[in-house]
Structure formats: structure tokens, C-alpha cells
Amino acid sequence: MAQSMGFRKTAGPKKHQAVALRVQSDRSIFLNCRIEGYEETLYVLTHPQFYRGCDIMGTFDFIFGDTAAVFQTCEVIVRKPMDNKQNTITAQSRVDKHETTGIVLQKCKISADDTLKPVKKKIEGYLG
């Protein structure tokens, strides 16, 4: 269990794929945590996980993995991607159609980071 902690990838968007937090422990719980990164910020690798009241920031596939993960009352913050890139919030990595895995966003808020708000050109964004 982690409570009121911060996890940050400091390499910046040009370093591409690098996770701020990789979780694979069974029945992990994160309460009021802040997870900051760009591409592939939070790797929900395996085993059931629960996140409540967390802020999660990123650009591309920034919540990804193959587990049953529930995000409740979290704020999902989309950052400005690199040029000619899009934003994709989630990426489920299920390999077997019989698995009981998935990413659930319950009563979460999806918003734009301050760096994304003044951008004049169209940047496409997808939930997953």
C-alpha cells in the first residue's frame, strides 16, 4: 500500500518509453498518490490493483498493462505530447481473450495539463 506518495519520471518526453511506476504486487493499493511521466507512465503489470484519489499524468499509453486495475475518483491529466504525436490514455495488454483483466476508470476526471491548454493546433486524444 502506498499513501500520499509521488512517483515521477524525470527524463522528459524525449526519452520516450520509461515508466515512473511499475506495479506487480498482489492486491496493491494506492491512495492519494501522484504518478507523473510522459509515454508509458504507469505500468499495471499483473495482479489486482486499486487506485483512489490519485493524479496520473502522461501522454501516450500512459496507463498500460495486463491486469485488473480499478481507478476510482482519480484525476487523469493529459500532457502535451512531442510534435506529430497523439495522446492515448490507456493500453490494455491482454494476450488471452479468456483473461479477466481490464482497466476500469470509475468516477475519474480526465483533463488537460496547463502545457496542453495553449496549444493552437489539433492534437488527437484517445481513451484507449
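Buried means under 20% relative accessible area, exposed over 50%, and partly exposed in between (1.4 Å probe, protein chains only). This model is predicted: local features need pLDDT of at least 70, side-chain atom pairs count only at pLDDT 80 or more, and totals for chains, interfaces and linings use all residues. Residues are numbered from 1 along each chain as its sequence is written, and side-chain values use heavy atoms, with hydrogens and water left out.

**Exercise 1.** Place Gly102 and classify its burial.

Solution. Step one: find the element. Gly102 sits in strand E13, residues 102–106; strands (E, at least two residues) are DSSP runs, numbered from the N terminus. Step two: apply the cut-off. Gly102 has a relative accessible area of 18%, so Gly102 is buried. Step three: list contacts (heavy atoms within 4.5 Å). Not counting residues up to four places away in sequence, Gly102 touches Thr67, Ala68, Ala69, Gln92 and Arg94. Step four: take one distance. The C-alpha atoms of Gly102 and Lys120 are 34 Å apart, at 18 residues along the chain.

**Exercise 2.** Is Gln49 buried or exposed?

Solution. Gln49 belongs to strand E7, residues 49–52. Its relative accessible area is 4%, so Gln49 is buried. Beyond four places in sequence, the residues Gln49 touches include Val23, Val44 and Thr67.

**Exercise 3.** Which residues touch the most other members of the largest nonpolar core?

Solution. Such a core is a set of buried Ala, Val, Leu, Ile, Met, Phe, Trp, Tyr and Cys residues joined through side-chain atoms within 4.5 Å. Of its 22 residues, the answer is Phe30, Ile35, Leu42, Tyr51, Ile56 and Phe71. Elements giving two or more residues to this core include strands E3 (21–23) and E10 (68–72). Leaving aside neighbours within four places, Phe71 contacts, among others, Leu42, Tyr51 and Ile56.

Note on methods. Helices (H or I, at least four residues) and strands (E, at least two) are DSSP runs, numbered from the N terminus.
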